[in-house]
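Thanks for making the time this morning. Before I say anything, please take a moment with the sequence and the model on the screen.

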Amino acid sequence: MKKTLYTADSRGYANHGWLKSYHTFSFANYYNPERIHFGALRVINDDSVAGGQGFGAHPHDNMEIISIPLSGSLAHKDSTGNEEVIQTNDVQIMSAGTGLRHSEYNGSKTEAVNFLQIWVFPKERNIQPRYEQKTFDPAQRVNQWQTVVSPDKDSGGVWINQDAFFSLATLESGRSLNYTRKLEGNGLYLFVLEGEVKAAQEVLKRRDAVGLSELGELTIEATADAQLLLMEVPMELPS
């Protein structure tokens with residue numbers, strides 16, 4: 001097993017007034033040569049956007065972009081004609097492919113929105129841009145994994161152009177949960193959204209994470225009520 005610890009206070013931070021953003025990996029003005037990516041996982045931004053504010057239209061290409069609202073709502077509009085609002089318990093994905101433009105604004109004029117934006121390197125480049133979002137029942141992830149992103153279109157999660165799987169869980173204090181790697185060669189990235197757990201001989205608190213490779217199964221024990229996001233991603237990038 002290979003292990004990299006990503007504590008919450010080691011992340012990059014940018015405060016633009018209307019936007020407060022924590023960067024797990026190098027992004028914008030935050031650069032750390034030891035924090036470029038974890039396998040195919042390129043960006044994890046933990047963003048809080050003030051009411052009535054947001055990101056104007058900007059381009060992307062050849063990246064899988066996942067947005068997960070943790071509180072509040074996010075208004076999305078893109079050059080492929082999609083205009084949607086995503087909220088807590090929704091997961092959104094865009095395959096930027098050959099290129100698209102999109103904007104993201106707080107869906108409220110008064111209340112802040114907190115969301116994760118996650119970028120994953122694609123499996124196949126230059127595909128036709130695509131968009132998908134789904135709402136997930138939070139009761140279906142209590143003390144169990146709920147698949148929300150998957151390369152299997154029949155999994156119930158949103159489809160991703162990569163051999164990657166994202167799973168959410170709400171783990172009650174004192175309970176344990178196992179995760180078995182789905183594909184040989186993939187790594188596991190466990191991100192604690194809330195609470196506290198023990199995993200891979202580490203105590204992980206709110207917004208701490210650990211990246212694990214060469215590991216087939218992971219056991220997680222909640223030492224307090226916890227909300228978890230586990231991302232299984234390829235460790236080798238296509239040449």
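Which residues does Tyr189 touch, if we do not count those up to four places away in sequence? In this model, which I should stress is a predicted one, Tyr189 touches Tyr6, Thr24, Phe25, Phe38, Leu41, Ile44, Ala209, Val210, Gly211, Leu229, Leu230 and Met231. Tyr189 also belongs to the largest nonpolar core, which has 28 residues, and together with Leu41, Ile66, Ile118, Phe166 and Leu229 it is among those touching the most other members. Several strands each supply at least two residues of this core, including E4, E11, strand E15 (165-171) and strand E17 (186-194). There is also a second, separate core of 22 residues, with Leu177, Tyr179, Ala199 and Leu218 among them.

Let me turn to the sheet. Seven strands form an open sheet in the order E2-E3-E4-E11-E6-E9-E12, with antiparallel pairing, and its edge strands, E2 (12-15) and E12 (130-135), each pair on one side only. Within this sheet, E4 (residues 41-49) and E11 (residues 113-120) pair over eight bridges, and Ser48 stands opposite Asn114 in E11.

Finally, I would like to look at Asn106, which lies in strand E10 (residues 100-106). Is Asn106 buried or exposed? Asn106 counts as buried because its relative accessible area is 7%, under the 20% cut-off. A polar atom of its side chain lies 3.2 Å from the backbone oxygen of Ala50, while the side chain of Asn106 also reaches the backbone nitrogen of Ser108 at 2.8 Å.

Key
Residues are numbered from 1 along each chain as its sequence is written. This is a predicted model: local features need pLDDT of at least 70, side-chain atom pairs count only at pLDDT 80 or more; totals for chains, interfaces and linings use all residues. Side-chain values use heavy atoms; hydrogens and water are left out. Two strands pair if DSSP finds at least two bridges between them. Helices (H or I, at least four residues) and strands (E, at least two) are DSSP runs, numbered from the N terminus. A nonpolar core is a set of buried Ala, Val, Leu, Ile, Met, Phe, Trp, Tyr and Cys residues joined through side-chain atoms within 4.5 Å. Buried means under 20% relative accessible area, exposed over 50%, partly exposed in between (1.4 Å probe, protein chains only). Contact means heavy atoms within 4.5 Å. A polar contact is a pair of N or O atoms within 3.5 Å; within protein, one must be able to donate a hydrogen and the other to accept it, and residues adjacent in sequence count only if both atoms are side-chain atoms.
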